[in-house]
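User: I should like to learn how to read the features of a protein model. Could you take me through some of them in turn?

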Amino acid sequence: MSSPKHFKENMAPSENESEHVEELGVKEKNHSKTVQWVLNPPEPPTLWCEFTGSIKAALPSKSRPIWSHVMVFLNGLFPILQWGRNYNLRMFKSDLMAGLTLASLSIPQSIGYAGLARLDPQYGLYTSVVPPLIYAVMGSSREIAIGPVAVISLLLSSMIQKSADPSVDPTSYRKMVFTATFFAGVFQAAFGILRLGFLVDFLSHAAIVGFMGGAAIVIGLQQLKGLLGITHFTNKTDVISVVRAVWVAVHQPWHPHNFLIGCLFLIFILIARFLGRRNKKLFWLPAIAPLLSVVLSTLMVFLTRADNHGVKTVQYVKGGLNPSSASQLEFNGSHVGEAAKIGLIAAVVALTEAVAVGRSFASAKGYHIDGNKEMTAMGFMNITGSLTSCYVATGSFSRSAVNFSAGCKTAVSNIVMAITVFLALQFLTRLLYYTPTTILASIILSALPGLIDIGEAYEIWKVDKQDFLACIGAFFGVLFCSVEIGLLVAVTISFANIILNLLRPRIQMLGRIQGTDIFCSVSQYPVAVKTPGFLITRIDSSFFSFINANFVRDRILSWAVEDHTSENSDEAGQKVQFVIIDMSNVVNIDTSGIAALEDIHKKLVSHGLQLMFANPGWQVIQKLKLSKFIDKIGGDKIFFTVGEAVDACLESKKEFSMC
């Protein structure tokens, strides 16, 4: 019989057991802390609080004096007040040279783009005067060149002529152009003031690449009218209608002199561009080549009187200061809704192009531009432009590249360009009478290769096939239907991709990296090892909602219940006993998502499995508490990390086996 002393020694815990008990106590204490962190976070901000908070953040602080508020507001609205303090003569010399170089390219391009927009030549020049001046004082980009661009010109002409035919009723057409420009400016300013710049992102980079490529081909085909000197041409923009119109026109009497002059100077412009790219010191050559082509071709026609032999000329161009167009805006007619729709589409496309151009050159110079400030500046300049006989202006990539190469330092180059164009309107418009229209077509054609980016399309194809669908959809939509159909197809495909990713989010099976507490996808990292008896999953979707709740529920239950004997057992055939769902990627959840979690919990409990959650998001844990779901499963089933959940399950399993 054992002595009392021996009995006490047997009953007393061993040193290892004492350490184990102490370690368990520390872990339980730490777990209780982290559970409290997860279960009792501060109240998450509501949507209204987030919205009003962003507005308050933009407002000046009350602690500052009133004059300080005014200065902060003015500096934010007019960036020229900031960089203008350090402006000097050396910077002005650079901006002067860049502005003059820019004007030499802008004058002929503006006249050509006005024709593409189905407006008289002077309206293109007007658009290169007022909008650049407004942008120079309100914009934050130093390199961007403001004025009319080919894509916006095509978009306006293709959409507005469905409501007003410029050849039949040019006055109504012009009024609708100005009204659409006003609405475009209002939408752009609203996007910037309300910080809704994310709306522009609905047109993805891939969609813009495809849209620009399709528009460039359509624009190029339409320039065959000017290049061949065709009088009667289709108003449609799809490639089939344009090719048919060209085919019919070629088989009728036409004057080849237009084609010869146009091709001759198109080759000259392209050679000048090639030389400018080969030798950076000759950056000015491709910039002045269009203006030089206009001067030489005008002299050629005037001296040979080629206009009497079938060569079509620009003829009368109205000069002088931009006339007011405020009285031509129509807000109570039958086409106001259509003008607003066109303005919205033009606003989004113009902003997308301008912000992309501005950011690309800002990145090259090592500074950042504020997208919301850019939108506000674009909005005010187009609102002002609509009141001064201008149509929608934006940043041009080709002219911005010239501005950049010419060494511009600030937006003063836009002011120099605008003044130069204004002087041309005042004194040089009579000289354009004998300018052949085929030259304008050549200038536009020479600018189109920059809009077709085959290399970028190929990169999109290599990187993301779904994104490439939006690219090719926009391309063929513009090419074979219309500009707005192309945009609609691109946006539809982009939304379809988003919905598809929401419908079928990735549900990853996680394993532990040996020797660490890191759990990651076993598919992505083969070194990750599944923990025996555990099914650890992660929902890779920011929103667990009605759109994907059933898919997530079925996938997890399929792994945990139906296929656990084959897929979720270890080498010894041990079945899954614990299911851990890592919710660190889930930002928000709705009632359908909560209902799916309740279904998962009931089904697992009926099969004798335990359900755990790791790191649910702020909004998620709040809604799980409000719906009483936490009370149903117990607060001890919520963990800070996957590692904590696994350790807790292993400890409880060990305690159960000891009992």
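**Salt bridges and empty space**

Analyst: Between K365 and E143 there is a salt bridge, with the closest N and O atoms 3.2 Å apart; the term means a side-chain nitrogen of Lys or Arg within 4 Å of a carboxyl oxygen of Asp or Glu. The two residues come from distant parts of the chain, 222 residues apart: K365 is in helix α16 (residues 336-365), and E143 is in the loop between α8 (130-138) and β1 (145-147). Helices (H or I, at least four residues) and strands (E, at least two) are DSSP runs, numbered from the N terminus. This is a predicted model, in which local features need pLDDT of at least 70 and side-chain atom pairs pLDDT 80 or more, while totals for chains, interfaces and linings use all residues. Residues are numbered from 1 along each chain as its sequence is written, and side-chain values use heavy atoms, without hydrogens and water.

User: Is E143 buried or exposed?

Analyst: E143 is buried, since its relative accessible area is 0%, whereas K365 is partly exposed at 37%. Buried means under 20%, exposed over 50%, and partly exposed in between (1.4 Å probe, protein chains only).

User: How many salt bridges does the structure hold, and how far apart in sequence are K341 and E338?

Analyst: The structure holds 12 salt bridges. K341 and E338 form one, with 3.3 Å between the closest N and O atoms. These two residues are three apart in helix α16, and therefore about one helical turn separates them. Both ends are partly exposed: K341 has a relative accessible area of 40%, and E338 has 26%.

User: Which helices hold E598 and K632?

Analyst: E598 and K632 form a salt bridge whose closest N and O atoms are 2.9 Å apart. Because E598 lies in helix α26 (residues 591-606) and K632 in helix α28 (residues 629-633), the pair ties together parts 34 residues apart in sequence. E598 is buried, with a relative accessible area of 17%. Salt bridges may also join into a network, as they do for R512, D517 and D647.

User: How is empty space found, and what is the volume of the second largest pocket?

Analyst: Rolling a probe the size of a water molecule over the atoms shows where empty space is left. On a 1 Å grid over the protein atoms alone, a 1.4 Å probe fits in a cavity but cannot get out, whereas a pocket is an open set of points with protein on both sides within 12 Å along at least five of seven lines; lining residues have an atom within 4 Å of a point. The second largest pocket has a volume of about 1100 Å³, a volume being the space filled by probe spheres set on the joined grid points. Its lining has 34 residues, and G115, L116, R118, L119 and K225 are the closest to its centre.

User: Which helix supplies the largest share of that lining?

Analyst: Helix α6 does, with five residues. At least two lining residues come from each of α6 (89-116), α10 (170-193), α12 (224-228) and α20 (437-447).

User: How many cavities of 30 Å³ or more are there, and which residues line the largest cavity?

Analyst: The count is one cavity of 30 Å³ or more, and the largest cavity has a volume of about 30 Å³. I111, V294, V314, L432, T435 and L440 line the largest cavity.

User: Which residue is 9.8 Å from M97, C-alpha to C-alpha?

Analyst: That residue is M417, which is 320 residues from M97 in sequence. M97 belongs to helix α6 and is partly exposed, with a relative accessible area of 47%.
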